[in-house]
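Trainee: Before we start, could you walk me through how the labels on a model like this get justified?
Mentor: Sure, let's put it up and go label by label.
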Amino acid sequence: MSNDKTVPAALLRMHFHDCFVRGCDGSVLLNSTKNNQAEKDGPPNISLHAFYVIDVAKKQIENMCPGVVSCADILALAARDAVTLSGGPYWAVPKGRKDGRISIASETRQLPGPNFNISQLQQSFSQKGLSSDDLVALSGGHTLGFSHCSSFQNRIQNFDKQNDVDPTLDASFAANLKKVCPVKNTVKNAGSTLDTTTFLFDNAYYKLVLMKKGLFSSDSTLLTNSRTKTLVSNFANSQNEFFKAFADSMIKMSSISGSGQEIRRDCRFVN
């Protein structure tokens, strides 16, 4: 973190993307081979980074305690530490995950997308055994990090037949995004932070969503359902309540069981 402030967001997202495909089995860490495109090369995962952090931890653990701690467990613990070190809650991570041997790029289609509406999000989460309450709490992970223009471009250009800009977006916020992401964008890493305190884990995200300044359609859509809207308000009003809910939902998400069977010696390759 002291070398690269973007590491916490990267690790939190990596753990989430691991768990939603084949469960929390470290499959997101596996490299592609000449015969197989792995998850990390699936479209939603091209921008994942900081895999080296897991490699470094794994190497140190293997030196002390070979063949005991899975890559999946290391990733779950790293995601928790990323949150805690960014000012967020601490929770005890249940351990004992096994590493999977299968990683398929096309299966990353199972990941909920930034353009999902509330019913698509609810369906995606319920398929993993997670509730609408978990959905709202885990969306708060958007308190960390950055998005490239492509994930929200649809909201600021040619939104629909009636509107150029998504009417559920604050107008001045949308105008700013248009400046950063013009139609003929040539800036390679153009985009926006997900909230105003991008490196701090706090409840600013929910305050922004209430102000119609959620970056993704999947953020704004949380206001279209009475239960999820109430929770957004609760978390905007109480950071303590958010922290408690986030920790509980992270424990649930990080317990989505995978088909893992081994303790990988190198997180990028099957044994």
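What follows is a chat about the two domains and the contact between them.

Trainee: First off, what are we looking at, and where do the domains lie?
Mentor: It's a predicted model. The chain splits into domain 1 (6-111) and domain 2 (118-251), with their C-alpha centres 23 Å apart.

Trainee: What makes residues count as part of the contact between the domains?
Mentor: Heavy atoms within 4.5 Å. By that rule, 16 residues from domain 1 and 16 residues from domain 2 take part.

Trainee: How much area do the two domains bury, and on which atoms?
Mentor: About 1,400 Å² goes between domain 1 and domain 2, with 78% of it on carbon and sulfur atoms.

Trainee: Which helix gives the most to domain 1's side?
Mentor: Helix 1 (residues 7-19), with 4 residues. By class, the side of domain 1 that touches domain 2 has 9 nonpolar, 7 polar and no charged residues.

Trainee: Why are there 0 salt bridges across the interface?
Mentor: A salt bridge needs a Lys or Arg nitrogen within 4 Å of an Asp or Glu carboxyl oxygen. The rule finds 0 such cases across the interface of domain 1 and domain 2. There are 3 residue pairs in polar contact, though, both partners at pLDDT 80 or more.

Trainee: What does the UniProt record cover?
Mentor: The unreviewed entry annotates residues 1-271 as "domain: Plant heme peroxidase family profile". Over residues 1-271, the chain is 41% helix and 2% strand, and the end C-alpha atoms sit 30 Å apart.

Conventions. Residues are numbered from 1 along each chain as its sequence is written. This is a predicted model: local features need pLDDT of at least 70, side-chain atom pairs count only at pLDDT 80 or more; totals for chains, interfaces and linings use all residues. Side-chain values use heavy atoms; hydrogens and water are left out. Domain bounds come from an automatic or database domain assignment. Buried area is the accessible area (1.4 Å probe) that two parts lose on being put together, summed over both. A salt bridge is a side-chain nitrogen of Lys or Arg within 4 Å of a carboxyl oxygen of Asp or Glu. A polar contact is a pair of N or O atoms within 3.5 Å; within protein, one must be able to donate a hydrogen and the other to accept it, and residues adjacent in sequence count only if both atoms are side-chain atoms. Ala, Val, Leu, Ile, Met, Phe, Trp, Tyr, Cys and Pro count as nonpolar, Asp, Glu, Lys and Arg as charged, and the others, Gly among them, as polar. UniProt positions are given in the numbering used here, feature names are shortened, and annotations may be inferred rather than shown by experiment.
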